[in-house]
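Subject: Structure handover

Hi there,

Here is the structure I promised to pass on to you. Please open it beside this message, and then read on for my notes.

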Amino acid sequence: MEETKYLKEKLFNDKKNGWFRMTDEMSDKIMQYAEEYMYFINRSKTEKEAFNSVKDILIKNGFVDIAEKEELVPGDKVFFGNRNRSIYMAVIGSEPLLNGVRAIGAHIDSPRIDLKQNPLYEENEFAMLKTQYYGGIKKYQWTNIPLAMHGIFVKPTGEKINVVIGEDEEDPVFTISDLLPHLAQDQLARKLSEGVKGEELNILVGSRPYDDESITEAVKLNVLKLLNDKYGITEIDFTSSEIEFVPALKARSIGLDSSMVGGYGQDDRSCSYAALRGILNLSELKKTAVCILTDKEEIGFMGNTGMESRTFDFFMAELLNKTNSNKPNALEEMYSKSKVISADVDAAYDPTYASVFEKRNSAFMGKGVTIVKFGGVKGKANASEASCEMVAELRDVYDKAGVKYQSSQLHKVDQGGGGTIAMVLANKGMDVIDSGIPILGMHSPYEISSKYDLYQAFIGYEAFYKYE
Ligand code: MN
Ligand code: MN
């Protein structure tokens, strides 16, 4: 009996819940890390805020802007800020860069509701804002919840005006009103995907008129007056603004056991934070460690702050230049010997919607960081598949560091699917593998992660940077 039990344990790949047999010390570390993580995501709700938070943390930890360095030597810690929206950083190793680097790439943009550029209007004495959603959202989830307004207005003079309204307890918030059920007979008969339509995502910003009965659009005028008094902007300034509405909700522990985190933007700031924390304290590396925190992932990687941009190549070329190792094709040579984790969240198995998951290959919360060999749709179409050699190497890294991992696949065969920046990194010639954190309710205003998995990603990524 005992013997067969032992044999089974030896031969099976049983994925046990990570919380079993945990020491109090480890539990404390996990809880502490989750607290720091929640603090980070609460002040990093847009890509620009995440950029600023990351830059602050880097400077506090001895990283310097690469522009300030003429030459780089082993142990140097540098970063490159790309237009305040994406940021790359490196810790220089003792081996030549041409031997390849160890990189981790995550994204700091998240699904949200942007404004159109002529957003403000008055209708029946409500002031409202027209919106354009960003990324893949289930639109009905974003109605009748508190929303905060984050972003910048830029004047033709170049003056930038930062706006954050709705995060302080004292601040007002905003919301998108949905129809009451009593009158929603027709709406409720719509398909869920059209339950709330894109053009129905109109944000309420005011209902009190400017105190002059003789004018029209007095509520709109009052809103503009308030904005003008506080920020000095006029209606045309929306034209050159990036205003993002995000849930005005703080990240909190979830469950009686506080084992989970609920919060906005965990796709992909959970992996971003783990990748950042992992690189902060590295020293005496052989291979150079590189962390990529990119923008525009949720809308297809394009744009000069997205992963498709050559700006990252420029940063890597600067590393070559400043270590005096550049030469024709050096970039390609370096990439061809580099290994990179595409650190992005995966769908966690949800027992309420069991039918869309394939249980034997799903990611489970509390069972560690995922290893995703391939994504894509249908017959692996457009998948950036990691080689089994690369999977084996990552297993080795995680095993040696005592990191709990699980092999997973986002979707059932022929049921949806998707891709990550892995394909872009693979295009550069690097060995890429997806490895991230399972999330429930991905792309919703309040995503859910396991504190256990958050911590596994951190220690796993830190070990990968050090991998020789
Ligand atoms: Mn993502
Ligand atoms: Mn996403």
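Below are my notes on the metal sites, the sheets and a few single residues.

First, the conventions. This is a predicted model, in which local features need pLDDT of at least 70 and side-chain atom pairs count only at pLDDT 80 or more, while totals for chains, interfaces and linings use all residues. Residues are numbered from 1 along each chain as its sequence is written, chains are lettered from A and ligands numbered from 1 in the order in which they are written, and side-chain values use heavy atoms, with hydrogens and water left out.

**The metal sites**

Donors here are N, O and S atoms within 2.8 Å of the metal (3.2 Å for Na, K and Ca); since water is not among the atoms, sites may look incomplete. The manganese ion (ligand 1) has as protein donors His107 (NE2), Asp267 (OD), Asp344 (OD) and Asp344 (OD), at 2.1 to 2.6 Å. Along the chain, the donors of ligand 1 are spaced H-x159-D-x76-D. Asp267 sits in helix H6 (residues 266–280) and Asp344 in the loop between strand S15 (339–342) and strand S16 (346–347), a pair that links parts of the chain 77 residues apart. For these elements, helices (H or I, at least four residues) and strands (E, at least two) are DSSP runs numbered from the N terminus. Asp267 and Asp344 are both buried; buried means under 20% relative accessible area, exposed over 50%, and partly exposed in between (1.4 Å probe, protein chains only).

The manganese ion (ligand 2) is held by Asp267 (OD), Glu298 (OE), Glu298 (OE) and His443 (NE2), at 2.1 to 2.5 Å. The sequence spacing of its donor residues is D-x30-E-x144-H. Glu298 lies in the loop between strand S14 (288–294) and helix H7 (311–322), and His443 in the loop between strand S22 (438–439) and strand S23 (447–450), so this pair ties together parts that are 145 residues apart in sequence. Glu298 and His443 are both buried.

How far apart are the two manganese ions, and which residue coordinates both? The ions are 3.3 Å apart, and the shared residue is Asp267.

**The sheets**

Two strands pair if DSSP finds at least two bridges between them. One open sheet has seven strands in the order S1-S2-S3-S14-S4-S15-S21, with mixed pairing. Strand S1 (64–65) and strand S21 (431–434) are at its edges with a single partner strand each, so one side of each has no neighbour in the sheet. Within this sheet, strand S4 (residues 101–107) runs parallel to S15, joined by four bridges, and Ala103 has Val340 as its bridge partner in S15. H6, the helix that carries Asp267, lies across strand S2 (77–82), strand S3 (86–91), S4 and S14, at about 150° to S4. Those angles run from 0 to 180 degrees between N-to-C directions, with axes as lines fitted to C-alpha atoms, for helices over the stretch in contact; contact means heavy atoms within 4.5 Å.

A second open sheet, also of seven strands, is antiparallel and follows the order S8-S7-S11-S5-S6-S10-S9. Here strand S6 (residues 126–134) and strand S10 (residues 203–206) share three bridges, with Met128 opposite Leu204. Helix H5 (residues 218–231) packs on the sheet and touches S5, S6, S8 and S10, its direction making about 125° with that of S5.

Elsewhere, strand S12 (residues 252–254) and strand S13 (residues 260–263) run antiparallel with three bridges. Gly262 of S13 partners Arg252 and also stands opposite Ile448 in S23. In the hairpin of S12 and S13, with five residues between the strands, Gly255 takes a positive phi near 95°.

**Single residues**

There are zero disulfides (a disulfide being a pair of cysteine sulfur atoms within 2.5 Å). For Cys271, the nearest cysteine sulfur is that of Cys291, 11 Å away. Is Cys271 buried or exposed? Cys271 counts as buried because its relative accessibility is 0%, whereas Cys388 is exposed at 52%.

Finally, Ser325 is in the loop between H7 and helix H8 (330–336). With 16% relative accessibility, Ser325 counts as buried. Leaving aside neighbours within four places in sequence, Ser325 is in contact with Leu97, Leu98, Leu320 and Ala330.

Happy browsing, and all the best!
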